[in-house]
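User: I should like to examine how certain descriptive terms are justified for this structure. Please set each value against its criterion.

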Amino acid sequence: MRFSEKWLREWVSPKLTTDELVAQITMAGLEVDSVDQVAGAFNGVVVAEIISAEPHPDASKLQVCKVDAGEAEPLQIVCGAANARPGIKVPCAKIGAVLPGDFKIKRAKLRGVESFGMLCAEQELGMAEASDGLMELPSDAPVGADIRAYLVLDDAAIEVDLTPNRGDCLGIAGLAREVGVLNGMDVTQCAQADVRQTISDTFPVTVEAKSQCPRYVGRVVRGVDLSRPTPIWMVERLRRSGIRSIDPVVDVTNYVLLELGQPMHAFDLNTLQGGICVRLAAEGEQLTLLDGQEIKLSPDTLLIADQSGPLAMAGVMGGEHSGVSGETRDLFLESAFFDPIAIAGKARSYGLHTDSSHRFERGVDFELQHHAMERATALLLEIVGGNAGPVIEVLSAENLPHLPSIQLRRDRIKRILGCDIAEIEVENILGRLGMDMVKTEQGWHIVPPSYRYDIRLEVDLIEELGRIHGYNNLPTTLPILEGLSPKREEALLPVSRIKQVLVDREYQEVITYSFVDKKYIELLTPDQPSVALANPISADMSEMRTTLWAGLLKTATYNLNRQQERLRLFETGLNFIKEGDELQQVDHLGGLIFGGAAQESWFGKVRPVDFYDIKGDVEALLSLTGGASEYTFEPGEHKALHPGQTAEVKRNGKTVGYVGALHPSVQKSLDISQKVYLFELVLPEIRRRSLPEFKELSKYPEVRRDFAVIVDEKISAAAILKNVRETAGSLLTNLVLFDVYQGANLEAGKKSIAFGITLQDSARTLQDDDINPIVDRVVVSLKETFNVTLRE
């Protein structure tokens, strides 16, 4: 919201400098983004009238003008502006004037013709970034008057960045109310009596979408004269608020929007057919907007229509043929309340954002429509004349927002703010904010005003008290902590412990958006249906992620493009899995590595990471559960991973994740230059851990036996070890794989696997008679199950 400080001070003018006012409203929660002077620093510029304009004798693009600048004799000024012509009034910088940039006006000779000053455009006065010609002033501008005083240019344009809950401050009236409350001052409101109707003409209005449009107010105004110019004071206020002047009717509706916060629209009455109908769009309907853009309307879009079809997108933008033109003589004015839910996101879904949609999405005062209609009508009659008909209203009271009754307790104020606020101050603050109050034994019953959608709870009222009382005036106190620490289940591994292990292994944690580009979903999880956002922030954030790899790969690409040759990343977060009509949100842990296996150093060339590096990192995580033997890595398939370098991680036979190399086709599609390895695990599954149990250490010696067996190369070492673990019995205390060999002295298609078993009893020393049966069982089981051959 951008506004003129002078305009605000007409409503309420505290004895504060501009800087002090800006600091005050910022501390009250209305953050000021910028403060700009409405014109550059200049002096010596006056209102002048061009008496004559003759072609320059030696330059086709210049004119020699005689100018009345309020002096005894007309000034001769050479000017190159295309719109310089007799009869218009323009700013004139006389000799000795200083323009922005310390540009001094001197007597000059242009192509042999003397010039005694300069006729100015808005750009030359620091009032615009660019100008097409001279700044034309109203015909009644007093010749010789100082232009700074005439246009009241000693003013600042202040822009505030309002949070979505403060739609009540999207108008001078709301901002003035805030400043008045902060300074304990009364606000000089815009007094607007009802305009006397001079004709009885009305236009029929039907509201079919009552819940989306609970209140619609309209009025016919006949006999307007759009050839009349918009007053300079209104043009300037619009300009300082970032809105350019178009024509008197549009300027008035924009002015009321800025002043009161109520968007309005004016239709050319003679182009309307049958009557106004507020309804939802029909399937396949189209609308050409004021900016010429043609859009296909979705069925949930609220429209203003007549018998010929859609006229405007309600609360967003008018249609191409809904506005007024130079030939318009009769108007139909519209002022409506649209439900914020009905408007929210509609403009963005069509790639639009307007001042109107910005306000309706945040909530417009549902009691403001009549006042705005009277204000706009009065301004129109004053500027373009005409005759006003009666105000008509279509109301669905049951669909208007409900104003809650809130109990505000005195002790609750102190408990939350940490200090006492005097009752008289509480009542003064809330009263000036527009609250209805009834005093009770414990405090007050409060009903918020219709323009404060954000006040629904007691804490909202207390926030208002703290905000207006001043955050800097609240004492610094230690919080009162209540309750116990949250219960921590010992059988669940803390996520922080998992993260720390990864950090210890040189990983860095990242947090990426849950919204991702659809391209990543199609590449990484093509068989998994995703959830599309109804109102995405941008096209590359249109889907809810189904895998953490989407964000990790995007981050990896970003780093690779910035010469980062080695990277280890991990992230924890939700994946959004669609199962039928249900949306499952499951916590996952994902990781990514590429580059060297170690940091570059002096002792030799660093090898690149491979599958076993990332598998080792995953094994380190799984060992935290105290049940590493419950996990297996089995050859798997995943659309995003390399077919020959993909392992499915299982816990007791249940899949809990995947680890492997990124599929070459995916790597190419994402334009990643290095080989990337990834893992993703279901976090709740790997957090379950075995609790430690006391077991007395045996004082008797261990016995180790080593085995080397020849097996088919397709048989995994994990399968061999699993069989040994199941066969060896309770005396087995350790099992280790120490060699896998393929090559010379072995048949083709065979490999050698060597492992050692450690046996120990807690009650006695093991003898050969105890050990040999175990060894025999292991060998026999391996031969029967895998057809192994013992290697000499």
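The discussion below concerns a predicted model and takes up one strand and then two helix pairs.

User: What makes strand S18 mostly covered?

Analyst: Strand S18 spans residues 302-306, and 5 of its 5 residues are buried. A residue counts as buried when its relative accessible area is under 20%. S18 is therefore described as mostly covered, since 5 of its 5 residues fall under that limit.

User: Which residues of S18 lie on each side?

Analyst: Leu302, Ile304 and Asp306 lie on one side, with Leu303 and Ala305 on the other. These residues are all buried, and both faces of S18 are covered.

User: How do you know that S18 pairs with strand S15?

Analyst: Pairing requires at least two bridges between the strands. S15 (residues 276-280) and S18 share 4 bridges, so the criterion is met, and the sense is antiparallel. Within this pair, Leu280 stands opposite Leu302 of S18.

User: What makes S18 and strand S19 a pair, and how many residues lie between them?

Analyst: S19 covers residues 309-313 and is joined to S18 by 4 bridges, so the requirement of at least two is satisfied. The two strands run antiparallel. Leu303 has Met313 in S19 as its bridge partner. S18 and S19 form a hairpin, with 2 residues between them.

User: Why are helices H5 and H6 called oblique to each other?

Analyst: The axes of H5 (residues 232-240) and H6 (residues 248-260) cross at roughly 55 degrees and come within 10 Å. Angles under 35 degrees count as roughly parallel, whereas 65 to 115 is roughly perpendicular. The crossing angle belongs to neither range, nor is it over 145, so H5 and H6 are oblique. H5 contributes Trp233, Met234, Arg237 and Leu238 to the contact, and H6 contributes Asp251, Val252, Asn254, Tyr255 and Leu258. By class, this contact has 6 nonpolar, 1 polar and 2 charged residues. The crossing of H5 past H6 is left-handed.

User: Why are helices H2 and H4 called roughly perpendicular?

Analyst: H2 (residues 18-27) and H4 (residues 172-183) pack at an angle of about 95 degrees, and their axes are 11 Å apart. This angle lies in the range 65 to 115, and the two helices are therefore roughly perpendicular to each other. Their contact is made by Leu21, Gln24 and Ile25 of H2 together with Val179, Leu182 and Asn183 of H4.

User: How many residues of each class does the contact of H2 with H4 have?

Analyst: The contact of H2 with H4 has 4 nonpolar, 2 polar and no charged residues.

How values were computed. Residues are numbered from 1 along each chain as its sequence is written. This is a predicted model: local features need pLDDT of at least 70, side-chain atom pairs count only at pLDDT 80 or more; totals for chains, interfaces and linings use all residues. Side-chain values use heavy atoms; hydrogens and water are left out. Buried means under 20% relative accessible area, exposed over 50%, partly exposed in between (1.4 Å probe, protein chains only). Axes are lines fitted to C-alpha atoms, for helices over the stretch in contact, and angles run from 0 to 180 degrees between N-to-C directions. A crossing is left-handed if the near helix is turned anticlockwise from the far one by less than a right angle, and right-handed if clockwise. Contact means heavy atoms within 4.5 Å. Ala, Val, Leu, Ile, Met, Phe, Trp, Tyr, Cys and Pro count as nonpolar, Asp, Glu, Lys and Arg as charged, and the others, Gly among them, as polar.
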